[in-house]
Amino acid sequence: MKAGRVTLVLGMLAAATILVLGMAPFVGMTPISPFDILGGGAAPGKEYDIFWKIRLPRVLAAWLTGAGLAVAGMAFQALFRNPLATPFTLGVASGAALGAAMAIRFGVAVTLLGISGISMAALAGAALSVLLVYGISRALTRSGAMLTTATLLLAGVAVNFFFSSLNLFIQYISDFTHTFRIIRWLMGGLEVAGFRSVFQMIPFVALGTILILISWRELDLLTTGEEMAASRGVSVARMQRRLFFATSLLVGGVVAVCGPIGFVGIMVPHICRLMVGPGHRALIPATILFGGVFLTVCDTFARTVIAPAEIPVGVITALLGGPFFLALLIRDK
């Protein structure tokens, strides 16, 4: 793909990011003008609190979540050379969901450093899932042999199904209220208040994204096959570990706050490949920008279309994702 077109697409995505982040906080049931957010008076109005305590943190959380899930999905698709791989393929989301379901079922109400008990339990479940998948994969690999992506993928699928079964069991033994709260959490949502949730996600998203960004050359080679990558000087085993832990912890940090929001991680990378090509040097920044913009727009729609009620943003991404993805494939063909 021509460098000029790639530069143009990245510039347009950057402009779209600035536009969406600048406008989305002003959109909602309560109209807010730029003068309302300055708070110059002795007693700032409710619009001031709505903007700084609810809408701006929520928009930032949506952008971080979309960017993180999209770039994690892109990394998994390159690592496994599988276009259907998603950020949740290795059971990270199932582990987080199990932790959150247990916290809801048993009424964990602990808050540490502003992080809720549900989020901490979800993060612990995601970390347990990562350790289990890696431990099982190592146990299934012969001593001295290199860990293969096929073994990692099969271990992840097994852990994913096991944790999903435990999650269903917890819902079965829960009362109506707990079951509803668990199902609502599983739908995904961005109902954050204040900047604590944003600050909680930033270390995971930043670290995971940086590790993926500096691995763009290795990702290009991995998509051609492990043997080809090794012949070109890539330490395949070390790169697999780096990408596996970086993307898993990124997804775990995001899911612990927002729940499992599906379809972003599988759809956005494919759309960006159609726009900038398969090379990861351009694909990574395009995926980050498009993923952030996409989920921010979806969340803005979700919280305004039937206001004052809200639609879980995970429902919106699922409803929009499938038809949009099919339309792009048909057009490209």
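**Figure 1. D49 is partly exposed, at 33% relative accessibility.** The model shown in every view is predicted. D49 sits in helix 2. Its side chain pairs with K53 in a salt bridge, with the closest N and O atoms 3.7 Å apart. D49 and K53 are four residues apart in helix 2, so about one helical turn separates them. A second residue, A237, gives a sense of distance. D49 and A237 are 188 residues apart in sequence. In space, 50 Å separates the two, C-alpha to C-alpha.

**Figure 2. R58 and D299 form a salt bridge between two helices.** The closest N and O atoms of the pair are 2.9 Å apart. R58 belongs to helix 2 and D299 to helix 12, so this pair ties together parts that are 241 residues apart in sequence. R58 is buried, and D299 is buried too. Side chains of opposite charge can pair when their charged atoms come close.

**Figure 3. D299 also meets R303 in a salt bridge.** Here the N to O distance is 4.0 Å. D299 and R303 are four residues apart in helix 12, so they are separated by about one helical turn. Both D299 and R303 are buried. The pairing extends further: salt bridges with shared partners join R58, D299, R303 and E310 into one network. The structure holds four salt bridges. Among them are K53 with D49, R58 with D299 and D299 with R303.

**Figure 4. T296 is a buried residue of helix 12.** Helix 12 covers residues 280-304. T296 has a relative accessibility of 1%, so T296 counts as buried. Which residues does T296 touch, not counting those up to four places away in sequence? They are V20, A24, V59, A62 and W63.

**Figure 5. The largest nonpolar core has 89 residues.** M74, W185, L190, M201, I212, I261 and V264 touch the most other members of this core. Helix 2, residues 46-80, gives the most to the core, with 16 residues. A second core is separate and has five residues, including I37, I50, F51 and L56. In soluble globular proteins, nonpolar side chains tend to be buried together.

**Figure 6. I212 is in contact with residues from several parts of the sequence, among them V71 and I284.** Neighbours within four places in sequence are left aside here. The other contacts of I212 are M74, A75, L219, L243 and T247. I212 is one of the residues that touch the most other members of the largest nonpolar core. M74, a contact of I212, is another.

**Figure 7. G265 lies in helix 11, residues 264-276.** Is G265 buried or exposed? Its relative accessibility is 4%, so G265 counts as buried. G265 and A75 are 190 residues apart in sequence. In space, their C-alpha atoms are 9.6 Å apart. A75 is also one of the contacts of I212.

**Figure 8. The structure holds zero disulfides.** Why is C272 not bonded to C298? The sulfur of C298 is the closest cysteine sulfur to that of C272, but it is 14 Å away, which is too far for a bond. C298 is in no disulfide either. For C298, the nearest cysteine sulfur belongs to C258, at 13 Å. A disulfide needs the two sulfur atoms within 2.5 Å. Both residues in this view are shielded: C272 is buried, at 0% relative accessibility, and C298 is buried, at 3% relative accessible area.

**Figure 9. M102, F106, V108 and V110 form a nonpolar patch on the surface.** Together the four have about 370 Å² of accessible area. F106 lies in the loop between helix 3 (92-105) and strand 1 (111-112). F106 is exposed, with a relative accessible area of 56%.

Definitions and conventions
Residues are numbered from 1 along each chain as its sequence is written. This is a predicted model: local features need pLDDT of at least 70, side-chain atom pairs count only at pLDDT 80 or more; totals for chains, interfaces and linings use all residues. Side-chain values use heavy atoms; hydrogens and water are left out. Buried means under 20% relative accessible area, exposed over 50%, partly exposed in between (1.4 Å probe, protein chains only). Contact means heavy atoms within 4.5 Å. Patches are made of residues with over 30% relative accessible area and no salt bridge: like charges are joined within 9 Å, nonpolar side chains (Val, Leu, Ile, Met, Phe, Trp, Tyr) within 5 Å. Accessible areas come from the Shrake-Rupley method with a 1.4 Å probe; for residues, only the protein chains shown count as cover. A nonpolar core is a set of buried Ala, Val, Leu, Ile, Met, Phe, Trp, Tyr and Cys residues joined through side-chain atoms within 4.5 Å.
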